[in-house]
Amino acid sequence: MTSPMTLRIREANKAGKTALIPFLPAGFPSRDRFWDELEQLDRAGAAVIEIGMPFSDPVADGPVVAKASLECLADNVNLEWILSELKARKGTFRAALLLMGYLNPVLQYGLERFAHDAGQAGISGLILADLPYEESASIKAALKSHHISLVPLVGLNTSPERMALYADGADGFAYFVSVLGTTGQRDTLPEQIREKLAQARDIFDIPIALGFGLRHPDQLRELDGLCHAAVFGSALITHICNGGTSEEFMKPWL
Amino acid sequence: MQDRYFGDYGGQFVPELLMPPLLELERAVKEILPSPEFQQEFKDMLRDCVGRPSAMTHCPNLSRDTGVDLWLKREDLNHTGAHKINNTLGQALLTRRMGKKTLLTETGAGMNGVATATAAAMLDLDCVVYMGAKDVERQSVNVRRMEILGARVVPVTSGTQTLKDAINEALRYWIATQKTTHYCFGTAAGPHPFPYLVREFQAVVGREARQQFLDRNGRLPHIVCACVGGGSNAIGAFHAFIPDGSVRLVGVEAAGTGEPGCYNSAPLNLGTDGVLHGMKTRLLQTPEGQILPSHSISAGLDYPGVGPEHSHLQAIHRAEYACINDEQALSAFLTLSRREGIIPALESAHAVAWILENAAALQGQSVLVNLSGRGDKDMDIVEEALRDPAFAHLAATLGGDA
Ligand SMILES: Cc1ncc(COP(=O)(O)O)c(C=O)c1O
């Protein structure tokens with residue numbers, strides 16, 4: 001069974017576009033408004049929507065995402081809330097839904113229970129930022145029986161050998177981290193990125209999404225043909241913090 | 001595979017972007033560490049620069065007072081004043097051999113920062129130290145020391161502003177600088193191979209102490225006792241004694257104010273299994289897996305996690321872990337100073353306090369306490385604490401009447 005994430009990304013590509021994967025922490029900017037923003041992102045044509053599961057110690061995140069996530073935590077956002085609210089809205093989104101976070105909250109929720117409830121909530125993918133290949137076997141197995149893909153993260157310093165480890169049995173899409181750094185906006189993308197992306201496209205037979213550091217739709221043109229999808233979080237969060245809406249934000253990217 | 005774990009604990013729970021430098025370090029640990037040249041260079045430095053072997057001191061007055069035969073392993077006599085220098089010199093030597101030029105570290109009490117800055121100065125490396133803004137404030141003398149030694153101290157204002165968040169920021173910085181920078185992790189925690197590497201560099205403490213105790217007493221101590229923050233001084237003291245089944249190993253965690261809830265730094269006593277800072281271990285956390293803030297009067301013990309080998313030693317019942325609160329530690333700090341002329345670090349005072357608090361049950365037994373550091377850095381904290389009405393009874397013992 002092909003992952004809904006793959007299908008949505010390929011759909012956008014067939015229409016001649018780079019697929020869009022916006023990221024928002026669950027419960028941002030407030031517990032109520034979050035669901036409205038999610039609907040806006042969906043209406044505006046997001047292929048996949050990445051929903052952050054807030055964690056107290058988000059080491060892979062830069063200041064903008066980390067701050068937003070901590071605010072959601074302070075507002076009592078937890079996995080139980082996220083999954084039950086999603087379940088209540090199951091089938092209302094065109095976009096495929098992906099959960100992104102860190103391992104510990106998922107472990108405490110219970111691996112099997114998480115996989116089951118996420119499946120029931122219509123989730124098709126999971127990213128755990130602190131789960132490298134070496135530690136991933138049991139989680140992958142738990143997710144598989146509920147048709148949830150563990151999305152691999154690779155980067156500029158990932159060797160072809162390690163990419164091949166991640167590619168084996170991977171589905172959904174592969175997430176290519178554009179910088180050696182944390183999430184956050186940057187003006188320019190590193191030089192080696194073209195070469196590395198080409199390598200990743202050879203090794204993975206699923207779509208490649210580029211993320212971390214995207215801030216401007218022009219960057220998509222630069223990357224045209226090099227990746228299948230683009231992930232953006234900090235830029236969207238900043239836009240909302242400045243009083244904007246998700247719908248407005250999405251327009252120039254489409 | 002299995003050697004990334006101590007039983008069920010340990011592992012490498014880091015972003016993929018950190019796996020290449022961790023794998024590079026694993027290789028270096030396998031290839032460089034056991035080489036005779038490296039071992040000789042490390043040994044020479046410990047002798048010539050740290051002042052090893054450190055003394056083992058008998059405490060005649062406290063032994064008489066308590067009925068417990070008390071011995072101290074004197075890591076406080078090391079260059080820079082704590083056990084931390086054993087590890088930082090080892091890692092600095094490794095860094096140079098790996099061809100990197102910057103030492104990155106985190107620090108709570110500042111002792112690891114000072115020791116890393118010192119090793120960097122000695123080996124001509126750059127040094128960056130992440131330190132919680134709260135700790136920058138409460139350990140200002142150590143911040144000045146680091147700066148004089150040439151290190152750049154970066155205050156961390158996110159999260160709890162203590163050691164936990166200093167580690168988060170250091171990990172973030174390492175992602176970006178891994179090509180030229182080695183993360184000189186300050187305690188026997190974090191992702192593999194750090195718990196193993198730091199333990200290997202600190203094991204010299206227990207090896208020396210075991211031999212010294214045998215030489216002086218013709219037998220092993222009944223108990224080896226050390227404070228546990230991340231766990232490096234304790235694992236260093238314990239390691240050589242692990243095969244000696246007759247020796248009780250006692251780690252002492254900080255119970256903070258002793259209030260129930262999150263105001264403690266005792267994950268082995270009050271925590272549950274989880275994943276933080278690259279390792280599976282025992283953690284102070286909510287049922288939902290969010291890490292709780294910790295508290296201890298001693299900045300070096302103020303950490304919601306613990307090195308994975310301690311979680312393992314506890315699980316297999318080879319070591320036991322007790323709790324000492326701020327007041328008991330402060331009292332032991334004053335008692336050791338008064339009775340033996342040794343001002344201990346507040347961290348180490350937790351280990352001494354466990355002996356004093358349990359003296360009745362330990363009559364006639366011999367105890368070797370790892371005195372992990374000296375108390376100079378803690379003068380401001382102690383003075384301020386003694387102004388607190390809650391500690392008035394301790395303050396009253398000062399002033400020459402004891
Ligand atoms: C003197 C002293 N002892 C103990 C510790 C705690 O570290 P560990 O638990 O790794 O020995 C510290 C940490 O700063 C310290 O400075």
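**Core packing, interchain contacts and backbone features of the predicted model**

With residues up to four places away in sequence left out of account, F238(B) touches V224(B), A226(B), L249(B), V250(B), G251(B), H310(B), L313(B), A319(B) and Y321(B). Apart from the core to which F238(B) belongs lies another core, of 25 residues, among them C225(B), L336(B), V367(B) and V369(B). The model analysed here is a predicted one. Its largest nonpolar core comprises 188 residues, and F238(B) is among those with the most contacts inside it, together with L99(A), F114(A), F176(A) and F204(A). The greatest contribution to this core comes from helix 9 of chain B (residues 194-217), which provides 8 residues.

A buried polar position in chain B was examined separately. T88(B) is placed in helix 4 of chain B, which spans residues 84-97. The relative accessible area of T88(B) is 0%, so the residue is classed as buried. Its contacts, again without residues up to four places away in sequence, are with N112(B), A115(B), T116(B), A119(B) and C184(B).

The two chains meet in an interface in which 34 residues of chain B are in contact with 34 residues of chain A. The area buried between chain B and chain A amounts to about 2,600 Å², and carbon and sulfur atoms account for 53% of this area. Of the area that chain B buries against chain A, 25% is supplied by E16(B), L17(B) and R172(B), more than by any other three residues.

Polar interactions across the interface were then enumerated. Between chain B and chain A there are 22 residue pairs in polar contact, with both residues at pLDDT 80 or more. On the side of chain B that touches chain A, at least two residues each are supplied by strand 2 (9-13), helix 1 (19-31), helix 8 (163-177) and strand 11 (272-276) of chain B. Helix 8 of chain B gives the most to this side, with 7 residues. By residue class, the side of chain B that touches chain A divides into 18 nonpolar, 8 polar and 8 charged residues.

Side chains of opposite charge can pair when their charged atoms come close. Over all chains the structure holds 34 salt bridges, and the count between chain B and chain A is 3. One salt bridge links E16(B) to R162(A), with the closest N and O atoms 2.9 Å apart. Within chain A, the side chains of R89(A) and E85(A) form a salt bridge with an N to O distance of 2.8 Å. E85(A) has a relative accessibility of 25% and therefore counts as partly exposed. Returning to the interface pair, E16(B) is located in the loop between strand 2 and helix 1 of chain B, whereas R162(A) is located in helix 8 of chain A (residues 160-167), so this pair joins two chains. Both E16(B) and R162(A) are buried.

Further charged pairs occur in chain B. D165(B) and K164(B) meet through their side chains in a salt bridge, at 3.7 Å from N to O, and both residues are buried. In addition, a network of salt bridges links R52(B), K73(B), E75(B) and E208(B).

The backbone was also inspected for less common geometry. Most residues other than glycine have a negative phi, and most peptide bonds are trans. In chain A, the peptide bond from F28(A) to P29(A) is cis, with omega near 0°. P29(A) is found in the loop between strand 1 (19-25) and helix 2 (31-43) of chain A. In chain B, the peptide bond from H192(B) to P193(B) is likewise cis, with omega near 10°. P193(B) occupies the loop between strand 8 (181-183) and helix 9 of chain B, the helix that gives the most residues to the largest nonpolar core.

Positive phi values were found at non-glycine positions as well. H147(A), which is not a glycine, has a positive phi of about 60°. H147(A) lies in the loop between helix 7 (137-144) and strand 5 (149-150) of chain A, and its relative accessible area of 53% means that H147(A) is exposed. D124(B) is a residue other than glycine with a positive phi, near 60°. The position of D124(B) is in the loop between helix 5 (111-122) and strand 6 (126-132) of chain B. With a relative accessible area of 71%, D124(B) is exposed.

Terms used. Residues numbered from 1 in each chain as written. Chains lettered and ligands numbered in written order. Predicted model: local features only at pLDDT ≥ 70, side-chain atom pairs only at ≥ 80, totals over all residues. Heavy atoms only, no water. Core = buried A, V, L, I, M, F, W, Y, C linked by side-chain atoms within 4.5 Å. Buried < 20%, exposed > 50% of the residue type's maximum accessible area, 1.4 Å probe, protein only. Helix = DSSP H or I, 4+ residues; strand = E, 2+ residues; numbered from the N terminus. Contact = heavy atoms within 4.5 Å. Buried area = accessible area lost by both parts, 1.4 Å probe. Salt bridge = Lys/Arg side-chain N within 4 Å of Asp/Glu carboxyl O. Polar contact = N/O pair within 3.5 Å; in protein donor to acceptor, adjacent residues only side chain to side chain. Nonpolar A, V, L, I, M, F, W, Y, C, P; charged D, E, K, R; others polar.
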